Amino acid sequence: MTGVIKAEPKPDSLPGAPTVEATAPAGRTRGEFLYFALRSKKFLIALGILLVLIGIAIFGPMIDPTDPLAQNGMPMQPPTADPGNWFGTTYFGEDVFAQFANGLRATFFVGLLGGGLAALIGMAVGFTAGYRGGWTDEILNMLTNVVLVIPTLAVLIVISSYLKARGVFFEAVFVGATSWPWAARAIRAQTFSLRSRDFIDLAKLSGRRGWKIIVQEIAPNMSSYLFMTFILLFGGAILIAASLDFIGLGPTGGMSLGLMMFNAVTWAALTLGIWWWFIPPGIGIMATVAALYVMDVGLDEIFNPKLRDI
Amino acid sequence: MLSLNRVSKFYKVGTFGGKELAAVRDVSFDVNTGEVVSLIGESGSGKTTIGKMVLKLIEISRGSITCDGTDVAGIRGGAVKSYYRHVQGVFQDPFSSYNPIFKADRVFGMIRSEYFADMARSEWNGKVEAALRAVTLDPGQVLNKYPHQLSGGQLQRLLVARALLLDLKILVADEIISMLDASTRIDVLNLLAELKGRGMGILFITHDLSLGNYISEKTVILRRGAVVEMGATDKVFGNPTHPYTKVLISSVPQLHKKWAEVEAEIRARGGDDSGTCLFHRAYPPTARAGDGADDGPTLFKVEEDHFVGCFDLGEGTCRIA
Amino acid sequence: MGLQVTDLRVYYRTLAGDVKALDGATFSIADKEIMGLAGESGCGKSTLGNSLIRLDGRMKHVGGTVTLDGVPLPIGDQNEMNHFRFAEVSIIPQYAMSAMNPTRKIGKMTAELLESRGERYGEIKSELLRRIDLVGLQRDVLNRYPIELSGGMKQRMVMVISTLLDPSLLIADEITSALDVSTQRAVAETLVSFRDHGFVKSMIVITHDVSILYQTADTILVMYAGKLAEKAPTATIIEDPRHPYTKMLISSLPEVGIRYAKKKLTGIPGSPPSLLNPPTGCRFRARCPLAFDKCAEEPSFEKIAHDHWVACWKATGSDA
């Protein structure tokens with residue numbers, strides 16, 4: 001643009017900045033985050049729901065040590081106030097609550113491992129492509145697009161026809177290895193915008209190079225963004241895993257919420273009216289993923305002063 | 001000291017990089033010790049590009065930059081760090097130069113970990129305090145603070161202090177004044193003049209002629225990547241010869257003379273700036289960059305220490321040289 | 001007629017309390033007067049300019065009145081002010097050139113703007129074209145997108161649009177700051193021509209660049225830390241200022257012709273006070289070389305000559 005010499009003002013400085021403190025972009029201090037975190041309804045409610053679910057996942061199997069696959073009870077019992085029978089039993093007499101609690105554990109495990117793996121790959125690819133640009137960027141972009149376009153379902157079907165036994169670990173790795181592209185894209189875009197900032201030039205002028213700059217200058221600047229990306233990947237992994245379980249492509253052993261729903265549908269729980277078999281897992285998945293997404297929105301408001309409504 | 005020799009920078013633009021844009025064309029000048037050279041130009045003149053090429057943040061397309069005889073472009077790997085011991089830069093936006101999530105004095109810490117890792121802490125603290133005093137900052141007021149807690153002027157001076165921690169020979173100051181308030185500007189400018197007095201060479205990049213005129217010995221005026229006029233500051237300002245220089249000087253809003261007055265003065269000094277210059281006619285301000293020669297203009301000597309750039313190669317009706 | 005501002009106070013709401021950005025401004029602008037509003041960042045000039053047309057979410061009108069052409073301006077009331085905006089009071093905001101919708105042709109954008117104000121585009125079009133000619137733009141600029149214009153052209157287009165309904169007061173907020181020196185002059189001269197052609201009655205030109213004001217403004221109002229420091233005709237401010245701040249400010253400005261070797265200029269040591277908890281008494285006291293005990297009491301904006309007001313005990317001769 002000819003004729004313009006100065007850059008635009010930073011959007012989060014007050015117009016006619018009255019004090020030295022407010023002349024610069026608002027400094028982010030830990031105290032400020034905590035203040036807003038405690039005031040954000042979205043964040044607190046979501047956190048509450050998650051803590052309850054995590055509590056059930058951790059303590060549930062301890063309180064109710066029934067083997068989820070043991071067909072001990074009377075089949076198709078509705079939930080009663082009986083201890084040991086909070087959620088009723090399945091078609092085969094399995095304890096629904098035990099299944100639910102164990103399923104939650106597996107679900108969180110897949111979310112953590114799968115989401116974590118996706119986050120790591122996404123960060124590695126995104127930072128490298130964004131910082132280096134040029135040919136590295138082109139190649140990594142191509143890789144990202146290819147993985148994005150791969151029909152993961154088809155690949156999974158093919159793989160599962162070769163692997164007779166699939167564990168939770170495999171599922172988590174598969175989910176992680178296929179859901180990183182959007183995170184890589186987003187991180188790349190952020191890195192692009194950060195790398196042309198003067199403080200990166202200053203780091204170069206101080207003799208810093210390459211990956212050191214990424215780790216010490218760029219990543220810390222994006223820490224809130226990376227955290228939020230992880231939360232979204234976590235939720236996404238849970239959802240994908242549940243969907244895979246639901247169509248029978250989940251782990252061959254063990255228990256998970258999606259598997260519960262798969263079984264419920266296979267054994268005609270809908271027609272037979274065994275609602276306590278599929279409603280809890282359904283609500284469990286929904287609550288977990290929804291809470292994670294709402295928490296992400298809440299975090300966005302906490303970290304980004306422009307979105308707050310003072 | 002620092003010597004630029006027919007330096008050019010080309011960018012590929014357009015789909016598939018078909019066209020070439022010349023951001024800098026055949027620029028040559030020197031910066032010696034104890035001297036401030038003003039690089040003056042409007043937006044798109046290539047002055048920032050030149051600054052970044054000197055700092056090795058952008059690659060040179062053609063020509064060479066030498067520092068004390070060593071070719072700058074050839075420096076690679078570990079030698080780059082030693083280059084930065086002698087050549088440093090300060091940029092326009094003081095708030096963008098600091099990583100906002102860390103404290104401001106982290107910039108000192110970075111220098112320490114890269115260049116002075118073996119120095120004892122107490123010795124280092126002494127060095128930092130000496131550098132801060134050299135830029136008239138009170139260590140107690142600026143250390144341990146976040147960038148947003150300090151003013152633009154303090155941040156700029158901190159950056160100069162950082163540069164002083166090394167054995168600086170050349171400082172590239174890219175528009176460091178433009179985002180400061182009027183009352184702090186002059187303090188930073190005076191600081192630069194002092195540093196010059198102590199033997200540093202300063203490349204002062206600016207669009208503001210009055211600032212350049214205030215502290216520099218030599219002035220280089222850039223337009224669309226090429227040198228149009230250069231030489232001793234008082235000669236360039238006292239006897240502006242190129243039509244573009246005349247337009248620039250007459251457009252600067254002055255505090256004691258109205259625009260019309262300044263224009264009349266310049267016109268009275270002689271030389272017709274109505275556009276008989278071939279350069280002026282061939283490259284009027286509305287022409288797109290990249291049209292015409294990639295080579296810069298030939299420099300004609302007007303008087304001792306005063307050169308004017310002109311595309312006319314001696315023939316034609318040019319009335320300037 | 002003209003503008004009359006009395007004891008205007010506008011504060012900013014922040015988490016830490018109220019920032020007293022504009023703390024009691026009283027002045028007037030006559031018809032046909034171009035008043036420059038000068039001061040450094042944080043002095044309140046942008047707050048003053050913006051408060052006369054639109055208080056944004058964080059600003060609150062704490063006290064004082066504004067009268068334009070005898071009619072009080074309801075600046076605290078967003079809805080009421082709507083009748084005055086664009087028609088009576090108009091603004092060319094800072095970074096206005098970036099304010100044009102990049103996906104709309106300029107002509108279409110102008111038409112939409114006018115329709116939203118209840119004006120018929122067809123009726124105004126001939127006047128619009130006439131003004132476009134006047135500022136030196138081509139008529140087909142209405143068919144272009146903003147990205148096709150240079151910075152100076154965009155700025156002039158915004159100036160034409162902002163003054164289309166002949167407002168009584170025009171506020172120009174840092175309109176030359178982001179421009180090259182040669183375009184600055186063209187834009188500044190265009191601004192003055194608007195007053196000369198009668199499109200606008202009076203103008204407030206907000207800038208930190210005092211030399212632009214010397215070239216264009218009739219009077220200059222200098223602000224410091226939320227308060228008014230001095231108001232006088234331009235020549236007086238430049239050549240014979242009375243307020244110590246104004247004096248130090250003017251003498252710290254480098255001009256073409258002044259060289260360090262021959263005459264070293266000095267700045268103003270220290271920095272402006274925090275407006276969250278401003279000091280009592282004169283706000284310039286801590287940095288003023290002429291401060292004495294009376295300065296602990298806040299000086300009022302007094303008239304010391306026809307057209308010359310100062311807020312300083314020394315200047316009003318109260319230092320006996």
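# Reading a predicted three-chain model

User: Which way do the residues of strand 6 of chain B point, and are they buried or exposed?

Analyst: Start with the terms. Strands (E, at least two residues) and helices (H or I, at least four) are DSSP runs, numbered from the N terminus. A residue is buried if 20 or more other C-beta atoms lie within 10 Å of its own, exposed if 12 or fewer, and partly exposed in between; C-beta atoms are placed from the backbone. Now the case. In strand 6 (residues 87-90) of chain B, B:Val87 and B:Gly89 point one way, B:Gln88 and B:Val90 the other, and all are buried.

User: What does strand 6 of chain B pair with?

Analyst: Two strands pair if DSSP finds at least two bridges between them. Here four bridges link strand 6 of chain B to strand 7 (residues 170-174) of chain B, in the parallel sense. One partnership is B:Val87 with B:Ile170.

User: What kind of model is this, and how are residues and chains labelled?

Analyst: This is a predicted model: local features need pLDDT of at least 70, side-chain atom pairs count only at pLDDT 80 or more, and totals for chains, interfaces and linings use all residues. Residues are numbered from 1 along each chain as its sequence is written, while chains are lettered from A and ligands numbered from 1 in the order in which they are written.

User: What are the confidence scores?

Analyst: pLDDT is the predictor's confidence in each residue, from 0 to 100. Chain C averages 87, and 99% of its residues score at least 70. Confidence in chain C is lowest in helix 2 (residues 78-81), at a mean of 86, and highest in strand 9 (residues 219-224), at 94. The model scores ipTM 0.81 and pTM 0.79.

User: How does the radius of gyration of chain C agree with a compact globule?

Analyst: The radius is taken over C-alpha atoms; the globule rule is 2.2 Å times the number of residues to the power 0.38. For 320 residues a compact globule would be near 20 Å, and chain C has 20 Å, which agrees. The C-alpha trace spans about 65 × 50 × 40 Å along its principal axes. Chain C has nine helices and 12 strands. Buried residues make up 49% of the chain.

User: In what order do the strands of the open sheet in chain C run?

Analyst: Eight strands line up as 6-7-8-3-9-10-12-11, with mixed pairing. Strand 6 (89-92) and strand 11 (302-305) are the edges, each pairing on one side only. For angles, axes are lines fitted to C-alpha atoms, for helices over the stretch in contact, and values run from 0 to 180 degrees between N-to-C directions. The twist averages 25° from one strand to the next. At one edge, strand 11 of chain C runs antiparallel to strand 12 (residues 308-310), joined by three bridges. There C:Ala305 has C:His308 as its bridge partner.

User: Which strands of the sheet does helix 5 of chain C touch?

Analyst: Contact means that two residues have C-beta atoms, placed from the backbone, within 7 Å. Helix 5 (residues 151-162) of chain C packs on the sheet and touches strand 6 and strand 7 (169-173). Its direction makes about 170° with that of strand 6 of chain C.

User: How many residues of chain C are in contact with chain B, and which elements contribute?

Analyst: 29 residues of chain C are in contact with 30 residues of chain B. Helix 6 (181-197) and helix 7 (210-216) of chain C each give two or more residues to that side. Helix 7 of chain C gives the most, with five.

User: What is notable about phi in B:Asp26 and B:Asn144?

Analyst: Most residues other than glycine have a negative phi. B:Asp26 has a positive phi, near 50°. B:Asn144 also has a positive phi, about 65°. B:Asp26 is in strand 2 (residues 19-31) of chain B. B:Asn144 is in the loop between helix 5 (139-142) and helix 6 (152-164) of chain B.

User: Why does B:Asp26 count as buried, and why does B:Asn144 count as exposed?

Analyst: Count C-beta neighbours inside 10 Å. B:Asp26 has 23, so it counts as buried. B:Asn144 has 11, so it counts as exposed.
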